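The exercises below ask you to work through a single protein model, from its overall fold to its pockets and its backbone details. Please study the structure first, and then compare your reading with each worked solution.

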Amino acid sequence: MTGALLVADMHTGGEPVRIVTDGYPEIPAGTILEKRAFVRDNLDHLRKILMFEPRGHVDMYGALLVEPDLPGADLAVLFMHNEGYSTMCGHAVIALGRFAVDQGLVEPREPVTTVNIECPCGMVVASVSVEDGKAGAVSFDSVPAFLLAGDRSLQLDGYGGIGFDIAYGGAFYAVAEAGQFGLRFGESRLRDFVDAANALTAAASAAIPLRHPEHDDLAFLYGTILTDGGAGAGGSPTRNICVFADAQVDRSATGSGATARMAAMAARGRLAQGETRIFESITGDRFEAEVTAAEMLDGFDAVRVRVSGHAYYTGRGEFVVEEDDPLGGGFLLR
């Protein structure tokens, strides 16, 4: 590696997002999924430098801005984590909405500035509140979200029969009540939530073929969301924890996960359009979500979901790799 990698660090609900501001080679023109494939196949060493120790950690998350391909996009982004490159990330979109306003990537307008963000899953529209030139809360409108497989059940070693859904909110998730695993929020160890979620992700990935109507690259199970069984209605939040990629734990309430959960509720008729639901993360941070529209997506009953939250800056960094550093390329310990 020559030169330095420059980043701006932010967090949403405690979940980090390391935004690359300079240092990456030029990415060839193409669709966002083609750019994702190029970075994965040719520049993955840079992901490891930024995400892995000693500069990051096993739960680090990142965002690489690339040239947009879709008409009307203000910016385009590739998401990265400890295993590779995801197709959607709500907490990062919330951070990028504020970042785009603060850095002048879009012209600030009061009281709300719109930022069109091209993600691997499609165009996501962020709405950034602006007052006296300062960016604040951010909402984003999702790509079409839908329930793919409802009320499924699998036998898991050590747990018995587990019921779950598979829903799409920009990425596919298995969604299950934590109580089935004998887990309780505020009482059970985080490690036990991770083990349970990993077991379900592995079993569901092997047992249930996934299909996305727009692109095969979107058809993979990103992780599992374990919930308290609540619906987040009436001002009472529902708690959840998302374990994704290689046992990575989301500190936020998971924007794409909240979208997927909303799609599953809507598919069962348990959610009226415009009704607000509240999702709470393991840090206590909350996202609000509402269904804004219903539509058909190649035979699927889909919904658009608006998710709202706040992002904050934590710092800026300049990262280098010395030629004689045997650990400079990154490593992970658990």
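**Exercise 1.** How many helices and how many strands does the protein have?

*Solution.* The model is a predicted one, and the count of its elements gives five helices and 17 strands.

**Exercise 2.** Determine whether the radius of gyration agrees with that of a compact globule, and describe the packing of the chain.

*Solution.* Begin with the expectation: a compact globule of 334 residues would have a radius of gyration near 20 Å, and because the protein has 19 Å, the two agree. Next, consider the extent of the C-alpha atoms, which fill a box of roughly 50 × 50 × 35 Å along the principal axes. Then turn to burial, where the cut-off is a relative accessible area under 20%; buried residues make up 53% of the 334 residues. Finally, take the contacts between residues at least 6 apart in sequence, of which 62% join residues at least 24 apart.

**Exercise 3.** Describe the largest pocket and the second largest pocket by volume, lining and residue character.

*Solution.* Start with the largest pocket, which holds about 420 Å³ of space. Of the 18 residues that line this pocket, D165, V175, E177, R268 and R270 are the closest to its centre. The elements that give two or more residues to this lining are β9 (160-168), β10 (172-177) and α5 (255-267), and the lining divides into six nonpolar, five polar and seven charged residues.

Continue with the second largest pocket, whose volume is about 260 Å³. Its lining comprises 17 residues, and P120, C121, G122, E214 and L218 are the closest to the centre. At least two lining residues come from each of α1 (32-42), β5 (112-119) and β6 (122-131), while the division by character is 10 nonpolar, three polar and four charged.

**Exercise 4.** Locate the cis peptide bonds that precede P54 and P111.

*Solution.* The bond from E53 to P54 is cis, with omega near 5°, and P54 sits in the loop between α2 (44-51) and β3 (62-66). The bond joining E110 and P111 is also cis, with omega about 5°, and P111 belongs to the loop between α3 (90-102) and β5.

**Exercise 5.** Are D151 and D298 buried or exposed?

*Solution.* D151, which is not a glycine, has a positive phi of about 55° and lies in strand β8 (residues 145-156). Exposure requires a relative accessible area over 50%; D151 has 64% and is therefore exposed. D298, likewise a residue other than glycine, has a positive phi near 50° and is placed in the loop between β15 (286-297) and β16 (300-309). With a relative accessible area of 52%, D298 is exposed.

Methods. Residues are numbered from 1 along each chain as its sequence is written. This is a predicted model: local features need pLDDT of at least 70, side-chain atom pairs count only at pLDDT 80 or more; totals for chains, interfaces and linings use all residues. Side-chain values use heavy atoms; hydrogens and water are left out. On a 1 Å grid over the protein atoms alone, a cavity is a set of points where a 1.4 Å probe fits but cannot get out, and a pocket is an open set with protein on both sides within 12 Å along at least five of seven lines; lining residues have an atom within 4 Å of a point. Grid points are joined across faces, edges and corners, and a volume is the space filled by probe spheres set on the points. Helices (H or I, at least four residues) and strands (E, at least two) are DSSP runs, numbered from the N terminus. Ala, Val, Leu, Ile, Met, Phe, Trp, Tyr, Cys and Pro count as nonpolar, Asp, Glu, Lys and Arg as charged, and the others, Gly among them, as polar. The radius of gyration is taken over C-alpha atoms; the globule rule is 2.2 Å times the number of residues to the power 0.38. Buried means under 20% relative accessible area, exposed over 50%, partly exposed in between (1.4 Å probe, protein chains only). Contact means heavy atoms within 4.5 Å.
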